[in-house]
There are 4 protein chains.
Amino acid sequence: MYQINLSVRDYECDLQGIVNNAVYMNYLEHARHEFLLENKVDFAELAEKGIDLVVVQSTLKYKKPLKPHDKFYVTVALEQEGRVKINFIQNIYLMDGTLMLTATTMGVASKKGRPIKPPAEMLALAATL
Amino acid sequence: MYQINLSVRDYECDLQGIVNNAVYMNYLEHARHEFLLENKVDFAELAEKGIDLVVVQSTLKYKKPLKPHDKFYVTVALEQEGRVKINFIQNIYLMDGTLMLTATTMGVASKKGRPIKPPAEMLALAATL
Amino acid sequence: MYQINLSVRDYECDLQGIVNNAVYMNYLEHARHEFLLENKVDFAELAEKGIDLVVVQSTLKYKKPLKPHDKFYVTVALEQEGRVKINFIQNIYLMDGTLMLTATTMGVASKKGRPIKPPAEMLALAATL
Amino acid sequence: MYQINLSVRDYECDLQGIVNNAVYMNYLEHARHEFLLENKVDFAELAEKGIDLVVVQSTLKYKKPLKPHDKFYVTVALEQEGRVKINFIQNIYLMDGTLMLTATTMGVASKKGRPIKPPAEMLALAATL
């Protein structure tokens, strides 16, 4: 499964001394983009063909808080839901395997504002699960 | 219902020319904190009594994207779920009433790491719904 | 002098319990953009004519730290420096007038990558000082 | 000289398609903290002794903009200025050595709100320049 290694930066932590809840969405987005980039799904190219990929729903379950100096990794897997939806299934783990967060990000492909079947290169990634 | 008026700042927008998905969590958190502050729920005071309030789950449904210069408002309502959970129900609307996002943030009160019944002042806010 | 009123949001504060140093640049940029917008300096329109406005230098002097719940205002004034430079002179004050930060942001107008005289509408703003 | 390797994350870019000016301060702070951590200058420990280290001035000179997918490194060097000031001298370079930004961050050590001589472990780092 795809994974990217990151570490907590002090400015990502808030008054409570832990990573702010919103920053996890930064980590998750960054991991998705790196995953797609590595798999040659090119947003710019799709956009030129008039195909947009938009996030319609995000669900994050916070298990344990990330703290300053923590080193962690973010996983990415894809699954198709129905005809037009793609779910990115992601987890964040400490390097020792402790689960910190689980997340599902639902995306939809659209052309001229109407939902369409996701591009073949994305479905191919989902199929490999 | 409680609401707070905000406007999009250019630095909150990303490459796609719209507000970045993670920034909505900033808006939602800010609205929750202002709401609680206005209702005299004092995190610092609760923390001194050993009571922590932690977010355990966030769900965001993106309806339409906020864009540069948009003026909008964020609503906050509270509901109790079961014995120990509190849900913050929040929406984001353009000033003309267009719904942009709906969100549910589930929090749990805990003392020495064990879930406890939420503080009376929070339950009082839920009761007013 | 132009000023914009803002208040500290909790997520802008870091581990030290004060507004993170980088966040002041967000405040300053937001105030500059609102100032220019209000004075009909339209970046998009200038860009269509091939005129770019870029920041080449920022200097921030931190006097006192902003803290959670602080209400403050940011001022903006413009001065021309030499033939091609524009300086934005900005201060941040608490509502009671306490000076928190002073900043100078130097911008240059350019066309096809070469510095040019800033657009007349910007120079007009500088002239009013 | 100390250096840390980073890469641009899409969410750090703004409407103009380049890294937002404020984000460079995040990169610089992160590099400084990693540098100090690696050299055993422990902020938490100093704070317990009542010694605070605060930034009093930042100057950033923007040479060329960082763009999506850019890989870059941030350098850190220290110099003492006068009796109580420490300057962090930092540059950001693309991996091919292209200079993107130069920055000076001036810090002061203080005890009970009065400036003091910086801690010996910081001066030792400055002495090695």
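Chains A and B meet in a contact that takes 13 residues from chain A and 13 residues from chain B. The model is predicted. On the side of chain B that touches chain A, two elements each supply at least two residues: helix 1 (23-38) and strand 2 (51-62) of chain B. Strand 2 of chain B gives the largest share of that side, with 8 residues. By class, the side of chain B facing chain A holds 6 nonpolar, 5 polar and 2 charged residues. Of the interface residues of chain B, 100% are also interface residues in chain A, so the copies meet through the same surface.

Strand pairing also links the two chains. Strand 2 (residues 51-62) of chain A pairs with strand 2 of chain B. The sense is antiparallel, and the pairing runs over 5 bridges. Within strand 2 of chain B, B:Ser58 is the residue that stands opposite A:Leu60.

The relation between the copies was examined next. In general, a rotation about an axis and a shift along it relate two copies of a chain. Here, a turn of 180° lays chain B on chain A. The shift along the axis is 0.0 Å, and the RMSD is 0.0 Å. The two copies are thus related as by a two-fold rotation axis. In chain B, B:Thr59 has the C-alpha nearest the axis, 2.2 Å from it.

Chain B is also in contact with chain D. This contact joins 9 residues of chain D to 9 residues of chain B. The side of chain D that touches chain B comprises 5 nonpolar, 2 polar and 2 charged residues.

The fold of a single copy was described for chain A. Chain A contains 3 helices and 6 strands. Along the sequence, the elements of chain A follow the pattern β-α-α-β-β-β-β-β-α. The pattern of chain A thus opens with a strand and ends with a helix. The C-alpha trace of chain A spans about 45 × 30 × 25 Å along its principal axes. Chain A has 129 residues, and buried residues make up 31% of them. Contacts in chain A were also sorted by sequence separation. Among those between residues at least 6 apart in sequence, 66% join residues at least 24 apart.

Notes:
Residues numbered from 1 in each chain as written. Chains lettered and ligands numbered in written order. Predicted model: local features only at pLDDT ≥ 70, side-chain atom pairs only at ≥ 80, totals over all residues. Least-squares fit on C-alpha atoms with pLDDT ≥ 70 in both. Contact = placed C-beta atoms within 7 Å. Nonpolar A, V, L, I, M, F, W, Y, C, P; charged D, E, K, R; others polar. Helix = DSSP H or I, 4+ residues; strand = E, 2+ residues; numbered from the N terminus. Pairing = 2+ DSSP bridges. Buried ≥ 20, exposed ≤ 12 C-beta atoms within 10 Å, placed from the backbone.
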